[in-house]
Amino acid sequence: MSTPLPRPAGDAADLATVTPLDDGPLQVEGAFRVVDPDGTTHDLGDRPSAYLCRCGASARKPFCDGSHLRVGFRTAAEPGQ
């Protein structure tokens, strides 16, 4: 049995939105920060969104470079399908 995570504080309009794209990257929109495991923060400039790699083949990790098309990445089936 999983424990629900607490809801982030703040207005829903202040929260980032993460959308897994079919057979592609994660699209992240809104105010967010990308930090590597070593603590390096990536400068996103004024971009309102970013695309994060899910296939593991990007040469620009953690960002998508379109490698999912080359490697044939496919989104796993939804639970129960």
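Two strands are said to pair if DSSP finds at least two bridges between them. I begin with that definition, colleagues, since pairing is the thread of the first part of this talk. In the structure before you, strand 2 and strand 5 meet this condition: they pair in the antiparallel sense, over four bridges. Please keep in mind throughout that this is a predicted model.

Allow me to set out the overall picture. The chain has 81 residues, of which 19% count as buried. Its secondary structure comes to one helix and five strands. Read along the sequence, these elements follow the pattern β-β-β-β-β-α.

A word on confidence is in order. The mean pLDDT of the chain is 85, and 78% of its residues reach 70 or more. Among the elements, helix 1 has the highest mean pLDDT, at 97, while strand 4, residues 41-42, has the lowest, at 91. As a general caution, where pLDDT is low, the predicted coordinates should not be read in detail.

I turn now to the sheet. Which strands does the open sheet contain, and in what order? The sheet has three strands, in the order 1-2-5, with antiparallel pairing. Strand 1 and strand 5, the latter at residues 49-52, are the edge strands, each pairing on one side only. From one strand to the next, the twist averages 20°.

Let us take the two pairings in turn. Between strand 2 and strand 5, V28 stands opposite A50 of strand 5. Strand 1 and strand 2 also pair in the antiparallel sense, over four bridges. There, T19 stands opposite Q27 of strand 2.

Q27 deserves a further remark. Is this residue buried or exposed? With a relative accessible area of 14%, Q27 is buried, because buried means under 20%. The side chain of Q27 also makes a polar contact with the side chain of Y51, at 3.1 Å.

On strand 1 we also find T17. T17 is partly exposed, with a relative accessible area of 39%. T17 and S49 are 32 residues apart in sequence, and their C-alpha atoms are 9.3 Å apart in space.

Next, the hairpin of strand 1 and strand 2. Five residues lie between its strands, and D23 takes a positive phi near 55° there. D23 brings us to the charged side chains. How many salt bridges does a search of the whole structure find? The search finds one. The side chains of R74 and D23 meet in this salt bridge, with 3.9 Å from N to O. The pair links distant parts of the chain, 51 residues apart: R74 belongs to the segment after helix 1 (67-71), and D23 to the loop between strand 1 (17-20) and strand 2 (26-29). The two partners can also be described by their accessibility. R74 counts as exposed, at 57% relative accessibility, and D23 is partly exposed, with a relative accessible area of 29%.

I move to the loop between strand 5 and helix 1, where S58 is found. S58 is buried, with a relative accessible area of 5%. What does the side chain of S58 reach at 2.9 Å? The answer is the backbone nitrogen of R60. In addition, a polar atom of the S58 side chain lies 3.5 Å from the backbone nitrogen of D65. The S58 side chain thus has two backbone nitrogens to account for, that of R60 and that of D65.

Finally, the cysteines. In general terms, a disulfide is a covalent bond between the sulfur atoms of two cysteines. The cut-off that matters for this model is 2.5 Å between the sulfur atoms. How many disulfides result from this rule? The count comes to zero. For C53, the nearest cysteine sulfur is that of C55, 3.8 Å away, so C53 is in no disulfide under the 2.5 Å cut-off. C64 is in no disulfide either, its nearest cysteine sulfur being that of C53, at 6.3 Å. C64 is buried, with a relative accessible area of 17%.

To summarise, the predicted model presents an open sheet of three strands in the order 1-2-5. One salt bridge is found in the whole structure, and its partners are R74 and D23. The disulfide count is zero. Thank you for your attention.

Methods:
Residues are numbered from 1 along each chain as its sequence is written. This is a predicted model: local features need pLDDT of at least 70, side-chain atom pairs count only at pLDDT 80 or more; totals for chains, interfaces and linings use all residues. Side-chain values use heavy atoms; hydrogens and water are left out. Buried means under 20% relative accessible area, exposed over 50%, partly exposed in between (1.4 Å probe, protein chains only). A salt bridge is a side-chain nitrogen of Lys or Arg within 4 Å of a carboxyl oxygen of Asp or Glu. Helices (H or I, at least four residues) and strands (E, at least two) are DSSP runs, numbered from the N terminus. pLDDT is the predictor's confidence in each residue, from 0 to 100. Axes are lines fitted to C-alpha atoms, for helices over the stretch in contact, and angles run from 0 to 180 degrees between N-to-C directions. A polar contact is a pair of N or O atoms within 3.5 Å; within protein, one must be able to donate a hydrogen and the other to accept it, and residues adjacent in sequence count only if both atoms are side-chain atoms.
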